[in-house]
Amino acid sequence: MWFFARDPVRDFPFELSPEPPEGSPPGPWTLHRGRKKATGSPVSIFVYDVKPGAEEQTQVAKAAFKRLKTLRHPNILAYIDGLETDKCLHMVTEAVTPLAMYLKAQVEAGGLKELELSWGLHQIVKALSFLVNDCSLIHNNVCLAAVFVDRAGEWKLGGLDYMYSAQGDGGGPPRKGYPELEQYDPPELADSSGRAVGEKWSADMWRLGCLIWEVFNGPLVRAAALRNPGKIPKSLVPHYCELVGANPKVRPNPARFLQNCRAPGGFLNNRFVETNLFLEEIQIKEPAEKQKFFQELSKSLDSFPEGFCRHKVLPQLLTAFEFGNAGAVVLTPLFKVGKLLSAEEYQQQVIPVVVKMFSSTDRAMRIRLLQQMEQFIQYLDEPTVNTQIFPHVVHGFLDTNPAIREQTVKSMLLLAPKLNESNLNVELMKHFARLQAKDEQGPIRCNTTVCLGKIGSYLSASTRHRVLTSAFSRATKDPFAPSRVAGVLGLAATHNLYSMSDCAHKILPVLCGLTVDPEKSVRDQAFKAIRSFLSKLESVSEDPTQLAEVEKDVHAASSPGMGGAAASWAGWAVTGVSSLTSKLIRTHPTAAPAETSTPQRSLPEGLPAPAPVPAAPTTTSHWEAQEEGRDTAEDSSPGDRWDDEDWGSLEQEAESVLAQQDDWSSGGPAGRPAQAGTSDHKSSSDSTWTNWEAEGSWEQGWQEPGPPESPPEGTRLASEYNWGNPEPSDKGDPFASLTTRRETGAQQPRPDSWGEDSWEGLDTDRQAKAELARKKREERRREMEAKRAERKASKGPMKLGARKLD
């Protein structure tokens, strides 16, 4: 039996990228890109191939492997995993790029910012301080090739191959064997006399000076070039000169170097470094400090590197909200950073947190979300909007804070295209009806009307037919002038959603009443809308074949493109009508609600006083019956019916009281057939129309009258009078005082042939029709008496809304 040894490289959970190595810095290691097999997350893999005869370099590589595995610091390259075999060494770290390649790419992309370089140098000096002061280790290899950059722009110190203990217990520094690395050694190492003895950090601080020179001036060719600072910033030059001084004892400790550079006016004293330092210690900061920091962060993000914002600031913002109770202050910088993300990254990182934010009871959080919804609405899918966001947003319609109610209304412009049938056509319309009718703030009633006009094209055909005309008509009677303007513009913007019959019978009468409005802006918009509707009606009258084309959108399904033409000529928008909303709320804190009577206003000179607007009744509309009984429809305004639709009222008790009052004032609910939708409504509607028939239906009102009853005895019919010649009688002719007939005219023959016709046939036909009508009325009366007896016999309770006839 054969046994095959497992290949450790093949079983390694990380794999090398097929791309060529990113770079081969001086030293034994080669840097490759890689990924984790299980998740595909990117990593960097340092590979060392064991070669025969290179035992010294192999020992150096193994020492570096061990050091990196045991050292943990935010500014030192992070070790993830490793593999050690007889043939190779694999060292897996976080995904990084060599600093030399990073600087070159940044220069090609438009140049490096001093802010970014200042923070990078701060990180390297802090890593050296950790090694020297906390670990008593000498890095012995600080140079451009030993620094790497992660995707957030953070600089990481690597190249631990030649590290040794500062206490001398592990022997002296190892031999490098690479001339390109030995040029960074300080001059005192070449002095064999030993007179120039410095501190334990002196050699690494010299190499730090070389690194600073290379960052600003490019690769260091010879040590003599260090005498010329070149492009090093002036604020950094004095501290740089301390590092490359010939006397090793003058070179400062890394911690002191940081302190000197952080002094006022120093190179490391800037907003970017302060922001990074705060983020590193944010978990131990006081809540007040966090609030102030996040409030000021948004102003600075524009000057920060994009990678830093995406990979360092964003995670800290998400963590601060989820675990740090940071509240609404994180929203502004969060959405600002979110603009830098791809759609997939936004969906994965930001959207889950945003959805969670909507369930917050913090008012500041809710209003910030509503104000900035435009920045993330495109990343929300419809199921998420309908099930997780909309149920929380609608609470804003009932909030006591006017600002939240206003922002909730405005947010519907963005949410409407993603709402389902129930939320859009039922739930939202219920809240809009309540706001437009009962909200005490005029600007909010105005914005509700504006928003309805903008989302009208998304409503279903039945909802549009039932809601739009009534809602906009009601707005035209609002005591707040901008609301009346919004009502007119709403009708104009949705003109293609109305039939020609509605335009003529419902819309134009409303608009004509506004031509004498006290406000000139209302009158101007009314005239403009009237001309538009009249031209539309006239064009159809001239060419009836255009009717189908003109009304194509009336019964069409909801579509976002509908209504666009009207909106363009109306020239209206939410920002145009509601830009002064907050100011208007302050100046009209106690505006009357829409259903109250219109207050007296001064009229322009020359205009007649308009008739007082009656209070909005609460009777339910029945547009289908209006074509049959248009005369009665004129008594009640169509603008007062929108909130009377069966929306599933927000205030059941209030509506029941109003319904009872209306029953007394209108003689019962007979004139309010309920909207079809449930079996209860239908049965109530049937009984209501039955009651109408019992009282005397519209059909009976147009029938021929019955046969005349026999006159009292002695009564003389008008036909028995001798209309031509006066008849001798004791009593004078009763019509003599009213008219005098010319005898000659009476004796002349009539030019037409009516006198020659037989009137007997006409009288017979008229009597037959009258008899038939009488029989029908009698039959109908017997049927109604039978139905009343049936209802009286049943002991069950009467349904709510049914009129008691007996």
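Is Phe278 buried or exposed? Here are a few friendly notes on that and on some neighbouring topics; please keep in mind that the model is predicted.

1. Phe278 is buried, because its relative accessible area is 14% and the cut-off for buried is under 20%. Its ring partner, Phe293, also counts as buried, at 5% relative accessibility.

2. Let me turn to aromatic pairs, of which the structure holds 14. In one of them, the rings of Phe216 and Phe267 sit at 70° between their planes, with centres 6.0 Å apart, so this pair is edge-to-face. Phe216 belongs to helix H6 (residues 202-217), while Phe267 lies in the loop between helix H8 (254-261) and helix H9 (271-280); the pair links distant parts of the chain, 51 residues apart. Phe216 is buried at 12% relative accessible area, and Phe267 is buried at 6%.

3. Phe278 and Phe293 make a stacked aromatic pair, with 4.2 Å from centre to centre and 15° between the planes. This pair joins helix H9, home of Phe278, to helix H10 (residues 287-300), which carries Phe293.

4. You may also like to look at Phe272, Phe304 and Phe308, which ring pairs link into a cluster.

5. Finally, a helix pair: H18 (residues 421-438) packs with H19 (residues 442-455) at an angle of about 150°, their axes 9 Å apart. The two are therefore roughly antiparallel, and H18 passes H19 in a left-handed crossing. Residues that meet include Leu424, Leu428 and Phe432 in H18, and Ile444, Leu452 and Ile455 in H19. By class, this contact has 9 nonpolar, 3 polar and 1 charged residues.

Key:
Residues numbered from 1 in each chain as written. Predicted model: local features only at pLDDT ≥ 70, side-chain atom pairs only at ≥ 80, totals over all residues. Heavy atoms only, no water. Axes fitted to C-alpha atoms, helices over the stretch in contact; angles between N-to-C directions. Helix = DSSP H or I, 4+ residues; strand = E, 2+ residues; numbered from the N terminus. Parallel < 35°, antiparallel > 145°, perpendicular 65-115°, else oblique. Left-handed = near helix turned anticlockwise from the far one by under 90°. Contact = heavy atoms within 4.5 Å. Nonpolar A, V, L, I, M, F, W, Y, C, P; charged D, E, K, R; others polar. Phe/Tyr/Trp six-rings, centres within 6.5 Å; stacked < 30°, edge-to-face > 60°. Buried < 20%, exposed > 50% of the residue type's maximum accessible area, 1.4 Å probe, protein only.
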